[in-house]
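Here's a quick briefing to read alongside the structure. Take a look at the picture first, then work through the points below.

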Amino acid sequence: MEYNPREIEKKWKKYWDEHQVYQVTHQSDKPKYYVLDMFPYPSGAGLHVGHPLGYIASDIYARFMRHKGYNVLHPMGYDAFGLPAEQYAIQTGIHPATATTENIARYRAQLENIGFSYDWSRELKTCDPDYYRWTQWIFLQLFEHYYDQDADKAVPISELVARFERSGSFGVHAACTQPSAFSATEWKAMSPKAKDDVLMNYRLAYRQVTYVNWCEALGTVLANDEVKDGVSERGGHPVERKPMLQWLLRITAYAERLLRDLDTLEWSDSMKKMQSNWIGRSEGAQLFFPIEGSDKKLEIFTTRADTIFGATFMVLAPEHDWVKELTTTDNAESVNAYLKYTNARSDRERMAEKEITGVALGSHAINPFNGERIPIWISEYVLKDYGTGAIMAVPSDDDRDYKFAQYFGLPIVEIIDKSAFPDATRQDKVGVMINSDFLTGMQVPQAIEATLKRIEEMGIGKRQINYKLRDAIYSRQRYWGEPFPIIYDPEGVAHAMKVEDLPLELPELEDFQPSGGGKSPLARHEEWVDLPNGWRRETDTMPGFAGSSWYFLRYMDPHNDQAFASQDAINYWKDVDLYIGGTEHAVGHLMYARFWNKFLYDKGLVPVVEPFRKLVNQGMIQGVIEYLYLQKEKVDGASRFVSAELVEDHGDGFAKIPIHVEFVEDYGSPNSFINKKGIEQFIEWRPEFRNAIFECSQGVYQNGVFTSKNGGKDSRMVTVSEVGKMSKRYFNVINPDDVVEEYGADCFRLYEMFLGPLEQAKPWDTKGIDGVSKFLRKFWSLFFNEKGEWIVTDEAPSREELKTLHQCIKKIHDDLERFSLNTCVSGFMIATNELRRLNTSKRAILEPMTVLLAPFAPHLSEELWHRLGNSTTVVKAAFPQWSEEYLREDSVTYPVSINGKKRATVDLPVGMPVPEIETAALEMPEVKKWLEGLTVRKTIVVPGRMINIVAN
RNA sequence: GCCGAAGUGGCGGAACUGGUAGACGCGCUGGACUCAAAAUCCAGUGAUGGCAACAUCGUGUGGGUUCGAGUCCCACCUUCGGUACCA
């Protein structure tokens, strides 16, 4: 019987489907285990070979846990709203829903092709009204709650209103945008609009003016990665920062808990660190600086209050509200010019900028401690959204301030003597204070404390904890997202829609071009926007992270129409035990989802404070991008491509044109090239280049004719290979279907795992897949003779065979537990080679081997399992147990090193006492030879490991 | 810029806790089978020197700790991910 993956795989997929092998319910006595893959966005390019890496790993683990007796929830669905579908709609007129449905169908088929053990009855998509009904519902809950810092949880806003009516804002400790103080009487006297404005300060979902990247020419708001060098990536139009009234989520209210609870998670340290750095908690002081000739006081935040005597200038963010009034007439021109410059730059560009820029406003602040006048500047290195958007600059003890002061010739006053710490950096909090009045002589930590105390005594500020984390902007001026269940009365006050009226469905639209003035396309749909009573709907939609912030809960009970999920289901499944996905979600999705879960926990709707217990990050499988060099200037009206080895000076004067990787030979290697056939395929693909010149080292190809230079015949055009994202735009997407078609799904699964450690990024390459394919055939052939006849016997296995089996069980089990799936595959290969050497065909060995392999190669294992005479699925078989008895070794091969260099090896019995090992080693002739003329100083023996002799 | 990760043969990688560097696989070389090829099987394969035994070097670079470093520490280089509206 030949191993025929195509036939076998088809057969067992059908069986699993018909027998609903992977369907689970929460009505079970078994312990639960929830394995989740990060939500895919169904892109138009389809699934590429990089996506399944994590899915295969999680599938293997899910299957492993089933073998171990768990009730495993392993679902899949789609993050189906998003920008790409909308852009595609703008270009083609195809409705985003249509394109998304098609993409999902394709994803589903591709996923099914790989043999995943998903419970497809739980499949969901965020653009389904039955789903986004609950996204809208959660949003309304956020809208109707505020964060009470005394209770340290979310509380209904109605309770805040009751409090205001009772005693005004007195004694309220709540997360808010702008603190305000008013009495109960004042509150009651406020207009509905004024009350709404106050409540907006507290709501967990609230409206505020924020800045967006506005592109007038495209009439739309752009994502940061659509902006390159201050212009739109598409079309190169100018982009500016535009203020806009938008919805935000008050994630900062949860900053402390998001930080604190990281400790409880089984995530990598690097992932936790990224999250904690993103939250960016810092303890310091809020401090007010009087302004010369004004009664206003400039608020700053500093973690280094101790350095106040070294503050020689102030820096404001260019968007700071006071910039205009602090600019003197003399400086107006330069300030305006500078504002014009920064207005065209994104935050990211500003942070990455090495060049030092800035301009003085002309006015001065007064140092509250020594009364000195210090000039106020603006610079792009200070960001509006961080702290108060204003800093006191201490060039002696901050790098950026130092460079700024040097560049502009501002004074630098040394205030800390760090001579006792020669390795300390400028910002290290060490040393003794000098030139600092009452602080002089103190150690830095002591000085920080003393300054804080003094600030509070003087009433010029207070201790404050600041977070880098910012509230999440929740509005998108787009069509393809969840509509906000919000209506505005004629005063502009936002009202929640009634929960019974959800979902608020996206209305049909023909044209997806943005409406003018930064409004979403929905704004044009007047019948939908304008309600009969004169009220209007919100026309923005929710961002991509809305639907993905809670989807893990919906999988627990995906068809519920009474709640986002039943309490029964939530209390059984609780949380995700294993979450696999990429590090690109480190601070976005993972932070938002934790935030939503905590909010729902505060509401008593979920039983756990953290949604994702264990997180494993799979590395990205990258693609190779192949480019041809195209000369920027045409030659006699014709485009000219030049073989890469002929291009000098880093390709100045050339553009790199991405080329379809299928045309390229030796794809991915430094010598990758396209031959004559490749050139022809390229021309057919890009007909605008049909008359182009292709210059190779040995000749020139044009219009189907190759003209040789110096008699050479080689028409290869060397391409430039770069490792990068696998993406439609680079024409380098490799479809898993093609690999499955050629080698089978089992082989594809094993090969993806065999490529290397799960966490590591690696470029896709099919070199080596033959080895895995061979292994599967070898494994199969243990069960059959050359004639294809079944040869498995019930004979008792030998000790050697048992040892191989039990070693393999232990290895697979241990490696699975630490997600070392690549070494599992090697382990299978080693065991199979060993069993072939032993001519094993005994059921007692092969049956457990089949179960071991089942998580990795489920189709093949299922086939063999049934041929072994089992009538139920291998999916439900118990995972084999290993026994130490078979693993015991009689002797150990010790490496014998002399001065740390291995010189010989020696076999010694297990359990030999250390002195005897030493003697045995010293008596070895090889050792004696090396020790000639030397004196042995020391012998180090690690029993079972190694021997090292130190001699000189 | 800032935060995080990774650099080991021709290639993907192994070495889990500081203890035999290169498991396993690809590729390559030689051999068997074959009219031949494919497939399969067997042997070899880090570099340098040597007929060989063997020796020297060798885990991005430079330093350090240690009896012993791919693994720990410091500095640097390169690549990748994120950087708040791609998902």
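**The big picture**

The accessible surface of chain A adds up to about 43200 Å², and carbon and sulfur atoms own 49% of that. Keep in mind that this is a predicted model.

**Chain A overall**

- Chain A is built with 30 helices and 40 strands.
- Measure out the C-alpha trace of chain A along its principal axes and you get a span of about 100 × 85 × 80 Å.
- Chain A has 952 residues, and 53% of them count as buried.
- Take the contacts in chain A between residues at least 6 apart in sequence: 70% of these join residues at least 24 apart.

**Where the protein meets the RNA**

- How many residues surround RNA strand B? There are 65, and the closest are Ala223, Asp225, Arg348, Leu755 and Asn948.
- Now look at the RNA side: of the atoms of RNA strand B that come within 4 Å of the protein, sugar and phosphate account for 65%.
- Helix α26 (residues 821-837) gives the largest share of the surface near RNA strand B, with seven residues.
- Sort the residues of that surface by character and you get 23 nonpolar, 20 polar and 22 charged.
- The side chain of Asp225 has an N or O atom 2.3 Å from a phosphate oxygen of RNA strand B.
- With Asn224, a polar backbone atom sits 2.9 Å from a sugar or linking oxygen of RNA strand B.
- Leu755 also uses its backbone: one of its N or O atoms there is 2.5 Å from a sugar or linking oxygen of RNA strand B.

**A closer look at Asp577**

- You'll find Asp577 in strand β25, which covers residues 576-581.
- Is Asp577 buried or exposed? Asp577 counts as buried because its relative accessible area is 14%, and the cut-off is under 20%.
- The side chain of Asp577 reaches over to the backbone nitrogen of Tyr34, at 2.8 Å.
- Leaving out residues up to four places away in sequence, Asp577 touches Lys32, Tyr33, Tyr34, Arg613 and Lys614.

**What about the cysteines?**

- How many disulfides does a search of the whole structure find? The search comes back with zero.
- Why no bond for Cys824? The closest cysteine sulfur, in Cys808, is 8.7 Å from the sulfur of Cys824, so it is too far for a bond; a disulfide needs the two sulfur atoms within 2.5 Å.
- Cys824 is buried, with a relative accessible area of 0%.
- Cys215 is buried too, with a relative accessible area of 0%.

How values were computed
Residues are numbered from 1 along each chain as its sequence is written. Chains are lettered from A and ligands numbered from 1 in the order in which they are written. Side-chain values use heavy atoms; hydrogens and water are left out. Helices (H or I, at least four residues) and strands (E, at least two) are DSSP runs, numbered from the N terminus. Buried means under 20% relative accessible area, exposed over 50%, partly exposed in between (1.4 Å probe, protein chains only). A polar contact is a pair of N or O atoms within 3.5 Å; within protein, one must be able to donate a hydrogen and the other to accept it, and residues adjacent in sequence count only if both atoms are side-chain atoms. Contact means heavy atoms within 4.5 Å. A residue is near a molecule or strand if one of its heavy atoms lies within 4 Å of it. Ala, Val, Leu, Ile, Met, Phe, Trp, Tyr, Cys and Pro count as nonpolar, Asp, Glu, Lys and Arg as charged, and the others, Gly among them, as polar. Accessible areas come from the Shrake-Rupley method with a 1.4 Å probe; for residues, only the protein chains shown count as cover.
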